[in-house]
Structures are given as C-alpha cells and as structure tokens.
Amino acid sequence: MGTQLGAQHIFIASLEFAYKGSELRGEMAAAELPRLQDMLAAPEGKISYVVRGLQGWDGAPMLEIKLDGQCQLRCQRCLQGFDYPVQLLTSLMLVPDSQLDQPAVEGDEIDSIPADAHLNVLALLEDELLLSLPFAPKHPVGTCQPVVAGYMNEEMERVENPPFAALAKLKKFVKE
Ligand SMILES: [Zn+2]
C-alpha cells in the first residue's frame, strides 16, 4: 500500500484486519486532523503511520499503531509555535461488543477499543495522537523568548531596587 496523503476516510473491518495480519501505511498532514487544530501553531507537519493487525499471545485480536513525524504545537506559556516530534508505538486490543461490559483483566496494561467492523482509521490515529500529547505543551523551561525577556526585566528591577533594602534601613533605625 502506497503513501496516501489527504486520505480522509479509511475504514477497516478491524477483527478481520487483525486476524489476517493486515497492514496499512500512509501519511497524514497535521492540518487534516480536525481535533488537533486547537493545539497547532502552524499547519505544517506530517505524520506517517503504520497500522498492523496481529494476535496477542492468547490469540486476542489487536492493532499495533505506530506514528512518526512532527507537528507545530503552540506553547501554552508564550503562545509561540515549536516543533513537537511525534513518536508513538501502541497496541490496542479489539474487544467485541458482547465483551465490552466485562471487567478488565487484572494487570491488563493494554488499552482496548470496540472491535468495529467499520473502523475509521484516521479518527483512531488522531485519538491516539491526542492522548499522547502533553496536556499543556510548553517549550523546555527557560527557552520561551518572551518569558526569558520578562524574567530578565524582573531581575534587573530587583537588582536596582532590592525589596529588603527598605526593611534593612528600618531595622537599623530601630536599633539606633
Ligand atoms: Zn514557549
């Protein structure tokens, strides 16, 4: 399967996809993921994906999802954009509707999704991407340009006008 850019709707019969060990590869633009838009500073950025069907050790149908690319997130501190590398590898267990109500197996670390016969692949990839993003994306501490400038100004003020100078003077006065 070749690269499909701008493929808005890809549906798979998820159980069949898993049991057959099928694979789907492609590339999506960050700009075409509707729920990502609020977090983006710029529409640039592409994310390539691999969706692989497989069966777990107990034969359970699963999907393995791999995302690799980048997008321009907006820093929540300075509101400037920054390159955010997208690298994600996750496995999801496909659970038939009839088993959805059953309690999760103790110690089961694998997330599960309903075994949809008409699974919207891009929506699923977007779900997984959004889950993997930081709640409030930020530049590394101290690297936001406006904040660094603001901090410097604050420091300069403190040097010129030390907050304890007045108190020190007062103490001196009381002693005398
Ligand atoms: Zn920032």
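**Figure 1. Protein donors of the zinc ion in the predicted model.** The zinc ion is bound through the SG atoms of Cys75, Cys78 and Cys144 and through ND1 of His139. These donors lie 2.0 to 2.3 Å from the zinc ion. The four donor atoms form a tetrahedral site, with angles of 106 to 117° among them.

**Figure 2. Placement of the zinc donors along the chain.** The donor residues follow the spacing C-x2-C-x60-H-x4-C in sequence. Cys78 and Cys144, 66 residues apart, link distant parts of the chain. Cys78 belongs to the loop between β5 (61-74) and β6 (81-95), whereas Cys144 belongs to the loop between α2 (121-132) and α3 (145-160).

**Figure 3. Burial of Cys78 and Cys144.** Cys78 has a relative accessible area of 10% and is therefore classed as buried, the limit being under 20%. Cys144 has a relative accessible area of 1%, so this residue is buried by the same limit. The number of disulfides comes to zero.

**Figure 4. Confidence of the prediction and the stretch of residues 1-5.** The protein chain has a mean pLDDT of 83, and 73% of its residues reach 70 or more. In residues 1-5 the pLDDT is below 50. Beyond near neighbours in sequence, this stretch has 13 contacts in the model. Where pLDDT is low, predicted coordinates should not be read in detail.

Conventions: Residues numbered from 1 in each chain as written. Predicted model: local features only at pLDDT ≥ 70, side-chain atom pairs only at ≥ 80, totals over all residues. Heavy atoms only, no water. pLDDT = per-residue confidence, 0-100. Contact = heavy atoms within 4.5 Å. Donors = N, O, S within 2.8 Å, 3.2 Å for Na, K, Ca; no water. Tetrahedral: all angles 85-135°; square planar, octahedral: opposite > 155°, others 65-115°. Helix = DSSP H or I, 4+ residues; strand = E, 2+ residues; numbered from the N terminus. Buried < 20%, exposed > 50% of the residue type's maximum accessible area, 1.4 Å probe, protein only. Disulfide = S-S within 2.5 Å.
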